[in-house]
Every structure is written in C-alpha cells, then in structure tokens.
Amino acid sequence: MYEQISHSLLNDILTQCKQPKGEDWQHFYTRLGANFYAIHSLFQHLYGQREDFKAQLGRLVTVLTQQYAQRAAHLRAKDLEREKNHDWFMQQKWVGMAMYCQGFAGNLANMREKLPYLQELGINLVHILPICDCPEQQNDGGYAVRDFRQIDARNGSMADLEQLIAAMQQSDMLLTLDVVVNHTSDEHAWAKQAKLGDQQYQDYYYMYPDRTIPDMFEAAMPEVFPENAPGSFTLNPDTGKWVMTVFNQYQWDLNYSNPAVLIEMVDIILFWANKGVDILRLDAVAFLWKKIGSSCQNEREAHLILQLLKDCCQVTAPGVIFIAEAIVAPIEIIKYFGEDAINAKECEIAYNATFMALLWDAVATKQTVLLTRGVEDLPEKLDRATWLNYVRCHDDIGLGFSDRAIIAAGFEPVSHRRFLVDYYTGHYPESNARGFAFGVNKKTGDARISGALASLAGLESALANQDQAAIDNAVLTIVLLHNLIMSFGGIPLLYYGDAVGTLNNDSYLQDENKMHDNRWVHRPTLDWEVLALKNEAGTVQQRLFSRIKQLIAIRKEISAFADLNNRELIALDNPHLFAFYRYVQTGMHPKVVVIANFDTAAQSAPLQAFRQKGLFKTPVLTELYSGQTLPTDKDSIEIPPLTAYWLST
C-alpha cells in the first residue's frame with residue numbers, strides 16, 4: 001500500500017533526527033501519524049520529481065517538530081479543547097471587527113486601552129490588518145512585508161503584541177492576524193540576497209534574464225492594478241532580470257514550485273500560531289501557483305499548497321484556523337474550503353465577497369432581484385466551514401457577481417456594472433453616494449469602488465446638505481446592511497469606524513506614500529472625541545452605535561444564527577424585499593425569519609409565501625430587535641422602509 005511507503009519514510013525521518021519523547025509529545029506524534037499520509041501525498045505531487053524530495057520532506061517534519069517544542073502549555077491545552085469542540089468558530093456568539101492598528105488606536109499598546117470600546121459594542125473577534133515590518137513608503141498598506149517575524153515599529157513592539165494577546169485571552173476575545181503568503185517586499189532579506197546574485201534566493205522568486213518567459217506568462221494573465229502597476233513583471237536593475245510582480249512593482253511573487261518557499265511559509269505560520277494568534281488570514285491565496293498559459297489564479301496546485309499548510313498546522317497547532325483571502329467568483333471561492341470533502345481541508349473561513357457586492361447592488365437599485373439570484377448562485381459550503389460576512393473592508397468593492405445572475409435579474413452586465421460605478425461615485429442623477437472609482441481599466445472600462453460605508457450610504461452628502469430625511473435614510477441603510485451580515489449565516493465582520501458612521505477622509509492626499517491609492521479614503525484614523533458622541537442622545541454616532549450594539553447582543557442569543565448550513569431563501573413577488581429563514585433543532589428562537597426592505601417606502605410581504613414553508617402558523621409573531629408583536633390574521637405584514645425584521649416563529 002502507498003500508505004505503508006509514506007509511513008516507512010516517516011519512520012526514517014524520525015530515526016535520523018533525534019526526536020523528543022515524553023507524555024507531552026503523544027498528541028504531536030498522534031497528529032503527525034494521522035496527517036502524514038496526506039502531507040506526503042501532497043508534497044510528492046508538488047515536488048516528487050526533485051532529487052532532494054526526501055531531504056526537503058525531512059526539513060518540513062523538522063520544522064513541525066521544532067515549532068511544537070516551542071508551543072506554550074496553555075496553547076496546547078487550547079488545541080485539545082478545540083479538537084473536542086471542532087465547530088467552535090461556527091457558533092453565533094462570534095462577532096468580528098477588522099481594523100488598522102494605527103488608524104484605530106495609534107499602536108498596539110493603545111489597543112489594550114481600546115478593548116472596552118470593542119467589548120461594549122459586543123465585538124469578540126478582532127482582525128488587526130498587517131502589522132509586520134515593511135518599508136516606510138512602498139508597503140501597500142502593510143502587504144509588502146520586509147520581515148515576517150518582526151512588528152513594524154510604527155505599530156509598536158512584539159512585547160506590545162504579546163501583552164495585547166494576553167489581555168484578549170483573559171476576555172475570551174479572538175485575534176486574527178495576516179500572513180502574506182503570495183509575495184514579499186523587494187526589501188525582504190530573501191529579495192536582497194536575490195539582488196546580490198545568490199541563486200538560492202533567486203529561486204525563491206520568478207526571475208528571468210529576458211522577456212521571453214515573462215511575455216508567455218503575461219499573454220494570459222489579467223492585470224490586477226492596471227492604472228498604477230500595469231503588467232505582471234518588473235525589470236530589476238540590480239540583476240538585469242525580470243521579476244514577477246503581480247500586484248505592485250515592489251512586491252515580488254514567491255515561487256512555490258520551490259519546496260523551500262513552502263517550508264519557510266509553514267515555519268512563519270507556526271511562528272504566529274505560537275504567539276497565541278487564533279485565526280490566520282492568508283493573503284492572496286488565489287495567486288499562489290503560476291502556470292504559463294493560464295490566468296495564474298485559482299490553479300489546482302494553489303489548493304494543494306493550502307491543503308499542505310492546513311495539514312501541517314493541524315499537526316503542530318490544530319486550534320488555529322485559516323481565513324482564505326480570495327476575492328473570486330462564487331464557483332471558485334467555495335473551493336478554498338476544499339473540494340471533495342465534508343470538513344474544510346484548506347481554509348475554514350472565506351470572505352463572502354459576492355454577498356457583500358450584492359448588498360451594495362440592492363442599496364443602489366432599491367431592488368433585491370439580483371441579490372436573491374446571486375445568493376441562489378452561492379454554492380453550499382462544507383459542514384465545518386463558514387463565511388465572513390461584511391459590508392465594508394479595507395479594500396475596494398469589486399462587482400464580482402456573475403453575468404448570469406445579472407441577466408437573470410433583468411439587467412445587461414456591462415451597463416449594469418457601469419451604473420453601479422456611476423451611482424457610488426455620485427455621477428448618477430439620483431445618487432447621494434460619495435465614493436471613488438478604483439482600478440479603472442481603460443481597455444475594458446471595468447472599475448471597482450472606494451469609499452467609507454457611511455459616505456457610500458449617503459450620510460456624507462446628507463450631513464453636508466443638512467437634510468434630515470436623507471440623514472435618517474442613511475442611518476437606516478447602515479443599520480440594514482449590518483442587520484443582514486448578522487443574520488445571513490457566518491461570522492459578521494464589521495469595519496472600524498462604521499458603527500459610528502465614520503465618513504470619507506481625504507487627508508491621505510497630503511501623504512505622498514498614499515495619495516495615488518484612493519482606498520486610503522476609507523482607511524481612517526479614528527477621532528475618539530467624535531466616537532465619544534456615541535453617548536450623546538440623538539447624535540448620528542449614538543443612533544448607529546446603539547442599534548448595531550443591540551443587533552449584536554440579540555444575534556448572540558439566537559441559536560438559529562449558528563452557521564450550520566441552516567438557511568433557506570423565501571421567494572417573494574415584491575422586488576424590494578429579500579427574505580430567508582434560519583432554523584435549528586433546539587435552543588432559543590429555533591426558527592427565525594428575516595425579511596429586509598431595501599426601498600425607501602414601506603412594502604408588504606405576503607404571508608402565503610411563508611405559510612407554504614410551514615412558517616407563521618402562530619397568531620402572533622415577535623420581532624426580536626424591537627420587541628413588537630405582529631398579528632398574522634391578515635394576508636400580509638408591512639415592512640418599514642430600509643428595515644429588516646427578525647421574526648421568531
């Protein structure tokens with residue numbers, strides 16, 4: 001049997017390397033034995049043709065062993081606890097927030113002082129965007145890493161992070177950090193050695209002496225940043241070689257066809273796991289494998305690499321889970337959980353970018369036909385996997401729903417996407433949004449959207465015009481969007497500043513390092529005096545904070561909101577309404593119907609559509625957010641403007 005071959009090889013590796021023994025190591029060896037057949041198979045598929053295959057595999061096992069030796073006792077105990085409660089991250093109690101450390105609190109030390117704000121709101125999962133050492137200028141918001149094991153001095157020190165982690169653990173809060181797996185800064189030590197002519201490190205990247213191979217790659221590769229970084233290769237003057245730079249010219253793509261790169265990244269992932277990080281967000285995973293003649297995205301080998309990373313992490317730090325940062329079509333994103341599996345074998349969590357974009361479509365059109373069609377197109381996820389549902393993040397908004405869904409909703413794909421860009425950049429006559437086009441491709445006309453949530457929702461223009469009705473609608477829109485990410489199914493991920501209506505900030509235009517990237521307009525430095533207005537009755541900040549806080553608190557009590565593939569859409573004839581219900585066998589509120597109205601006028605929801613699903617049989621319904629009761633003795637119920645009801649039935 002092939003399994004005998006793999007385990008015979010493992011025995012050879014363990015015999016050659018002096019392995020620790022003792023009771024503390026029994027779990028490690030059990031996991032290593034259980035996962036090694038998969039590790040060996042994947043490693044052989046990727047690197048089996050190499051003469052140093054066995055030596056490289058031995059190096060990988062050594063890394064797993066060394067990192068387990070450094071794993072603290074309390075983290076090992078947490079691993080065991082989470083192995084027993086293996087779907088711990090799918091419970092409805094988790095609500096996250098993503099933030100830049102400097103923008104939210106100034107630095108990591110100040111982050112500890114801001115934890116009470118997060119706890120008051122109900123946040124118990126914190127994603128701090130990249131904090132690793134990066135160049136002063138060309139850093140892509142922290143995603144051009146110069147040293148994977150050092151904290152950037154602008155964020156603080158490793159001691160500051162360790163103290164923050166300790167404080168969060170005491171409060172049962174989870175920490176998410178980024179590992180940029182696709183590329184490094186061109187100032188990384190590996191890149192510096194490559195520039196000096198060291199062939200070992202040139203092999204860490206894609207480097208070529210002339211344009212022959214780069215031209216072959218680029219024939220099929222789409223441009224990621226066509227405005228600011230056209231093409232996918234950059235001539236390095238130190239070596240006279242062309243380097244693959246898919247994102248920016250200062251970000252060198254790592255070459256995973258070299259096993260040394262994969263082993264380095266395993267070591268880095270486990271380094272952060274051993275710091276006490278609960279969730280690791282793996283950046284740009286769709287780009288991990290490059291192949292001439294393809295788009296160099298979503299290749300099968302990229303999935304094999306992720307499976308290897310997951311298997312290795314399960315051996316040494318099984319309590320740590322992965323987020324796949326892959327903003328791709330629904331048919332592709334679902335694969336980053338893992339194909340031909342029940343439980344996630346790549347990443348346990350993925351961004352639901354399609355749902356996010358569909359929500360913004362519904363806000364612009366005030367209709368939910370495309371939202372409903374797009375959600376129907378979402379493939380069913382694996383059992384032990386979940387979505388991150390978000391309204392806004394640090395990145396631009398891509399209009400990634402399928403052409404098929406757009407056509408089914410009655411629109412023409414090109415003109416509809418152009419309408420959305422015009423709407424959110426304020427160029428559509430009836431729009432009150434204040435956003436910006438990002439990543440405009442002059443060849444195709446495609447573009448994405450930058451802008452703060454509140455500004456895109458109309459709050460900025462409403463405040464400028466002192467239009468109270470428009471302010472009210474903007475507040476309702478912001479709460480409506482948060483209502484849906486709380487109830488749809490998955491982990492809701494808020495973005496810092498959104499709970500108090502933070503607007504666009506154009507101060508980035510004064511910074512020469514940021515002025516060419518308008519995404520900085522929605523990457524704010526929070527003004528805590530403005531945030532304090534959340535305690536003053538009647539302010540926009542108080543109206544938003546109090547309502548979102550209440551949504552979070554109620555969500556945590558609704559057992560049906562745990563993510564167990566327990567959602568069913570309900571088709572309604574009214575094009576302004578979006579409806580689904582969540583269900584579970586036991587617990588508080590085992591059946592909850594969500595009905596959302598995206599129009600600025602009240603809309604009627606016919607009860608017959610729900611009764612056909614066996615719902616609304618009781619004479620009275622309870623709306624969980626407001627506490628009001630609604631009779632069911634009529635043919636319909638009325639949903640107020642820009643509102644979503646949570647109806648317990």
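Which cysteine sulfur is closest to the sulfur of Cys-296, and how far away is it? I started there, and the rest of my notes follow.

1. **Cysteines.** This is a predicted model, and the sulfur closest to that of Cys-296 sits in Cys-347, 20 Å away, which is too far for a bond. Cys-296 is also buried, with a relative accessible area of 1%. Then there's Cys-134: the closest cysteine sulfur belongs to Cys-132, and at 8.6 Å that is again too far for a bond. Cys-134 counts as buried too, at 6% relative accessibility. A disulfide needs its two sulfurs within 2.5 Å, and the count for this model comes to zero.

2. **The Asp-517/Arg-519 salt bridge.** Of the 34 salt bridges in the structure, this one caught my eye. The closest N and O atoms of Arg-519 and Asp-517 are 2.8 Å apart. Both ends are buried: Arg-519 has 5% relative accessibility, and Asp-517 has 13%. The pair isn't on its own either, as salt bridges with shared partners link Asp-140, Asp-395, Asp-396, Arg-448, Asp-517 and Arg-519 into one network.

3. **Two other salt bridges.** Arg-211 and Asp-215 meet through their side chains at 2.7 Å, N to O. Here both partners are partly exposed, Arg-211 at 23% relative accessibility and Asp-215 at 40%. Lys-291 and Glu-299 make a salt bridge as well, at 3.4 Å, N to O. That pair is mixed: Lys-291 is partly exposed at 34%, whereas Glu-299 counts as buried at 12%.

4. **A nonpolar surface patch.** Ile-213, Met-216 and Ile-292 come together in a nonpolar patch on the surface, and their accessible area adds up to about 240 Å². Met-216 belongs to helix α10, which covers residues 212-218. With a relative accessible area of 42%, Met-216 is classed as partly exposed. If you're looking at the patch, note that Asp-215, the salt-bridge partner of Arg-211, is partly exposed as well.

5. **The three-stranded sheet.** β7, β9 and β8 make an open sheet in the order β7-β9-β8, paired antiparallel. Its edges are β7 (207-208) and β8 (233-236), each of which pairs on one side only. Between β8 and β9 (residues 241-244) there are four bridges, and the two strands run antiparallel. To check the register, look at Leu-235: its bridge partner in β9 is Trp-242.

6. **The six-stranded sheet.** What is the strand order in the open sheet of six strands? Reading across, you get β18-β19-β20-β25-β22-β23, with antiparallel pairing. The strands at the edges are β18 (567-569) and β23 (629-631), and each pairs on one side only. Neighbouring strands in this sheet are turned against each other by 30° on average, ignoring direction. Inside the sheet, β19 (residues 577-583) and β20 (residues 591-597) run antiparallel and are joined by seven bridges. One handle on the register there is Leu-577, whose bridge partner in β20 is Asn-597.

Technical notes
Residues are numbered from 1 along each chain as its sequence is written. This is a predicted model: local features need pLDDT of at least 70, side-chain atom pairs count only at pLDDT 80 or more; totals for chains, interfaces and linings use all residues. Side-chain values use heavy atoms; hydrogens and water are left out. Patches are made of residues with over 30% relative accessible area and no salt bridge: like charges are joined within 9 Å, nonpolar side chains (Val, Leu, Ile, Met, Phe, Trp, Tyr) within 5 Å. Accessible areas come from the Shrake-Rupley method with a 1.4 Å probe; for residues, only the protein chains shown count as cover. A salt bridge is a side-chain nitrogen of Lys or Arg within 4 Å of a carboxyl oxygen of Asp or Glu. Buried means under 20% relative accessible area, exposed over 50%, partly exposed in between (1.4 Å probe, protein chains only). Two strands pair if DSSP finds at least two bridges between them. Axes are lines fitted to C-alpha atoms, for helices over the stretch in contact, and angles run from 0 to 180 degrees between N-to-C directions.
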